[in-house]
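This report describes a few selected features of one molecular structure. Please look at the sequence and the structure before reading on.

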Amino acid sequence: MNSTAPIPVASAVVEVKDLKLSFDGRTVLDGVSLRIDSGQIVALIGPNGSGKTTLLRCLVGLEKLDSGSIRLFGEENIPSVLPRVGYVPQRLALDRSFILSVREFLALRRKETRHWFWQSHRRTDAVLLENLPHLGLESLLNLPLARLSGGQLQRVLIAFSLLGQPDLLLLDEPTAGVDLPGEQTIYELISEIHRRHRMTVVLVSHDLAMVYRQASWVYALNGVICCEGTPEDVMNAESLKAAYGIHVTPYHHHHHENHPHAH
Amino acid sequence: MLTEAYMQRALVAALLLAPLCAFLGVFVTARRMAFFSDTVSHAALAGIAVGFWLGLSDPTIPMILVGLAVAFAVMWLKQKTDLLTDTIMALLLSGSVSIGIIMLSLLKASHGDIHRFLFGDILAVGPLDLWLAGGLALLVGAGALPRLSDLTLLTAQEEMASVSGVAVVRLNYLFVTALTLTVALSIRLLGIVLVTSLLVVPSAAARNVSRSLRQQIVLSVASGLAGGCGGTLLAYQLDTPCGPTIVLASIAIFLTTLGIKHWPS
């Protein structure tokens, strides 16, 4: 008997080929290629100005490529697959004079709540909380977005993206401007979302210890992909020096984990 | 006083334009576009001069066209050059005002005419202005209300709006067009110098006592209506220039809401 059952192949959610991009004559991405498979948590690490945020922006069509190609879910026409993508930018530059409440902001992402202006709060809240039962947003709904703490704001931005029920979640430095306890909560939230929704997560981060704990695959970027692999493969002094251009020493945590830190 | 035709026209104009300004003003202030509306209103001076040069008794149409040309020039230069937005607007504002003043001086326009457009005049609102204001109110209502969510998201975070499927470029142009037309038509009542205040002050007054965007929009429109209509009536009663009177009425509302905000509970 001849068994011809096909070997399961992980489907590529993101495929980037030889991506080049420059701003005002300065090359930011110089031939970046990468592949991200379904269900992974992938971290992009690298020093400031290494092109991490730019790469994320390219993935959602916010930057015009000089050359190269990007496919999301096997599709080169990015706008057509954007409904399957959640994107959380680094900052929300909201003017304090604009008192958009958390309820109103979240309502913008769902078809059933897009007429929030005419709807009762009860109806809007029912839709929001039904779709985001585990995010603990009830106490935030009445607050103005511009008055949230860094951690609360990140939680709301992630919730906004989740309301679109994405298969791919892109997070640009989700803990920027968040205090230490808040950071831990955000990472736990990301891990929980990944586990619960089985979605692919790509995050830009400076926190190498978090990357070590959470990511299933790491790309170290500095204009080009300097190295890639599992956190264990990439988190060594040699690979990190290639990305950061400085010496980075792994240290031993009490739980015998190697948590590298750049300094 | 309401039996006089010019007063009826002025009040209808205030009823149509003040809430429109107040609604757009919520987004103008949040998007930090007050200087943009100032640029467009000042560019109207060149439009008025073109109207006089063409021998038109009512320069509304050239005023609108020049306003739109300047508004789109700001957006185009912002996209195509690395000049700061403020620099672009300052260049276009001062350039168009200078062209307008030189043309008006060559055309020997009377100080009374210039004064009317600079500070607003109840008597200046003509039937054409009313038709245009009515059409604009209908257009903005029909265009903006179904797109309120998109406009709100665009104001909160342009990139998230783009990724969420909002046609960002088209919506930006639509918003700027609505804003330019509203500003150009409101010049009759408020005057070039003060028209931006009808965008900014009601929205700021509403902001003092609102806890959500819905409240801010509703209260801003109400405050715009009260300031616009109240100011027009006061200008008639006191025989004062219309624009400054509307502005002072709006500021009085702003101060009242500021008092309410800080009133010890």
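Which helix of chain A lies across β5 and β6 of chain A? The model is a predicted one, and in it helix α5 (residues 150-163) of chain A takes this place, running at about 165 degrees to β5(A). An angle over 145 degrees counts as roughly antiparallel.

**The sheet of chain A**

The two strands under this helix belong to an open sheet of 6 strands with mixed pairing, in the order β5-β6-β7-β3-β8-β9 (chain A). Strands of a sheet pair through backbone hydrogen bonds, either parallel or antiparallel. Because β5 and β9 (225-229) of chain A stand at the edges, each has a single partner strand, and one side of each is left without a neighbour in the sheet. From one strand to the next, the twist averages 15 degrees. For β5(A), the pairing with strand β6 (residues 168-172) of chain A is in the parallel sense and extends over 4 bridges. Within this pairing, Val88(A) has Leu171(A) of β6(A) as its bridge partner.

**The contact between the chains**

Strand β5(A) also has a part in the contact of the two chains. This contact takes 22 residues from chain A and 23 residues from chain B. On the side of chain A that touches chain B, the elements that give two or more residues are β5 (85-88) and α3 (102-107) of chain A. By class, that side has 15 nonpolar, 3 polar and 4 charged residues.

**Two helices of chain B**

In chain B, the axes of helix α7 (residues 148-156) and helix α9 (residues 168-190) come within 11 Å and cross at roughly 100 degrees. Angles of 65 to 115 degrees count as roughly perpendicular, and α7(B) is therefore roughly perpendicular to α9(B). The table gives the residues that make this contact.

| Helix | Residues in the contact |
|---|---|
| α7(B) | Asp150(B), Leu151(B), Leu154(B) |
| α9(B) | Val168(B), Leu171(B), Phe175(B) |

The residues of this contact of α7(B) with α9(B) comprise 5 nonpolar, no polar and 1 charged.

**A covered helix of chain A**

How many of the 8 residues of helix α1 (residues 52-59) of chain A are buried? The number is 6, and the helix is thus described as mostly covered. The buried residues of α1(A) are Lys52(A), Thr54(A), Leu55(A), Leu56(A), Cys58(A) and Leu59(A). Just after α1(A), the chain reaches Gly61(A), which takes a positive phi of about 75 degrees.

Terms used:
Residues numbered from 1 in each chain as written. Chains lettered and ligands numbered in written order. Predicted model: local features only at pLDDT ≥ 70, side-chain atom pairs only at ≥ 80, totals over all residues. Contact = placed C-beta atoms within 7 Å. Nonpolar A, V, L, I, M, F, W, Y, C, P; charged D, E, K, R; others polar. Pairing = 2+ DSSP bridges. Axes fitted to C-alpha atoms, helices over the stretch in contact; angles between N-to-C directions. Parallel < 35°, antiparallel > 145°, perpendicular 65-115°, else oblique. Buried ≥ 20, exposed ≤ 12 C-beta atoms within 10 Å, placed from the backbone.
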